[in-house]
Every structure is written in structure tokens, then in C-alpha cells.
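Please work through the following exercises with the sequence and the model at hand. Each task is followed by a solution in steps.

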Amino acid sequence: QVHLVESGGGLVQAGGSLRLSCVASGVIFRSGAMGWYRQAPGKQRELVASITSGGSTNYTDSANGRFTISRDNAKKTLYLQMNSLKPEDTAIYFCNAQGVGIFGLFDSWGQGTQVIVSS
């Protein structure tokens, strides 16, 4: 089983930056796509950005131009650099990872890290 642990959230003023990290533990035979999602109070979880095993990235309109997703496969770590943060970016940010592990296909989620952007 593959476990994900996010870190890097916190309280920041509008216009500031944060860098989120997500570390995977467990045996991974083949890494697949990874992504960052977020869930604001009273709203559904939504995709923020994703990255394939080959490094191709995809961003939602709200993240495009402000956020950068990257991964270090050797360290089994996913990153999200968030710049020019806005109060509407306030949410719990979750990491998702897919691939093949010791028990076969996995689709794992982390526990989330809170991001609060004050105006």
C-alpha cells in the first residue's frame, strides 16, 4: 500500500507564496499520474494541477500562471509551488498518486494540508 503525506500548508497573506510537498511511502514499481486537489469549505474537491509520469502538466484556469506542479520520482515526492495567492485559494490541499505497487494498481490520497490566504 502506498501512503501519501502532504506538508507545507499554512497561513499566508494575499500575494504571498507557499510550496506544498507530498511524499509517498511504500513500494512503487511504476509511478503514474500525480495531482493536487483542493477542497474549500462547503465545496466539492476539485483538481488544481496534475502531472504525468513523463512530466507533462495540466492546470485548471484558476491555477494556470500562478501555480507550478513538479515531481521528483527518485524522491517519490510531488510539489506544488503556489505564487500570487488569493483568498479564494483557501482550502485543504490533497495529493493524489496512481501507479503500480506491491499489491497491484493503487490510487492513493493524502490526509491534506490546510492553506489559508488572508486578505
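**Exercise 1.** Determine the handedness of the link between C22 and C95 in this predicted model, and describe the setting of the two residues.

*Solution.*
Step 1. Take the angle about the S-S bond, which is -75 degrees for C22 and C95; the link is left-handed.
Step 2. Locate the partners along the chain: C22 belongs to strand β3 (residues 18-25) and C95 to strand β9 (residues 91-101). With these positions 73 residues apart, the pair joins distant parts of the chain.
Step 3. Check the distance between the sulfur atoms, which is 2.1 Å. The cut-off for a disulfide is 2.5 Å, so C22 and C95 qualify as one.
Step 4. Count such links: the structure holds one disulfide.
Step 5. Assess accessibility, where buried means under 20% relative accessible area. C22 and C95 are both buried.

**Exercise 2.** How many cavities of 30 Å³ or more are there, and which residues lie closest to the centre of the largest cavity?

*Solution.*
Step 1. The count is one cavity at or above 30 Å³.
Step 2. The space in the largest cavity comes to about 100 Å³.
Step 3. Its lining consists of 15 residues, and those closest to the centre are A24, I28, S31, M34 and R71.
Step 4. Assign the lining to elements: β4 (28-39), β7 (67-72) and β9 each give two or more residues. The most come from β4, which gives four.
Step 5. Classify the lining residues of the largest cavity: seven are nonpolar, five polar and three charged.

Terms used: Residues are numbered from 1 along each chain as its sequence is written. This is a predicted model: local features need pLDDT of at least 70, side-chain atom pairs count only at pLDDT 80 or more; totals for chains, interfaces and linings use all residues. Side-chain values use heavy atoms; hydrogens and water are left out. Buried means under 20% relative accessible area, exposed over 50%, partly exposed in between (1.4 Å probe, protein chains only). On a 1 Å grid over the protein atoms alone, a cavity is a set of points where a 1.4 Å probe fits but cannot get out, and a pocket is an open set with protein on both sides within 12 Å along at least five of seven lines; lining residues have an atom within 4 Å of a point. Grid points are joined across faces, edges and corners, and a volume is the space filled by probe spheres set on the points. Ala, Val, Leu, Ile, Met, Phe, Trp, Tyr, Cys and Pro count as nonpolar, Asp, Glu, Lys and Arg as charged, and the others, Gly among them, as polar.
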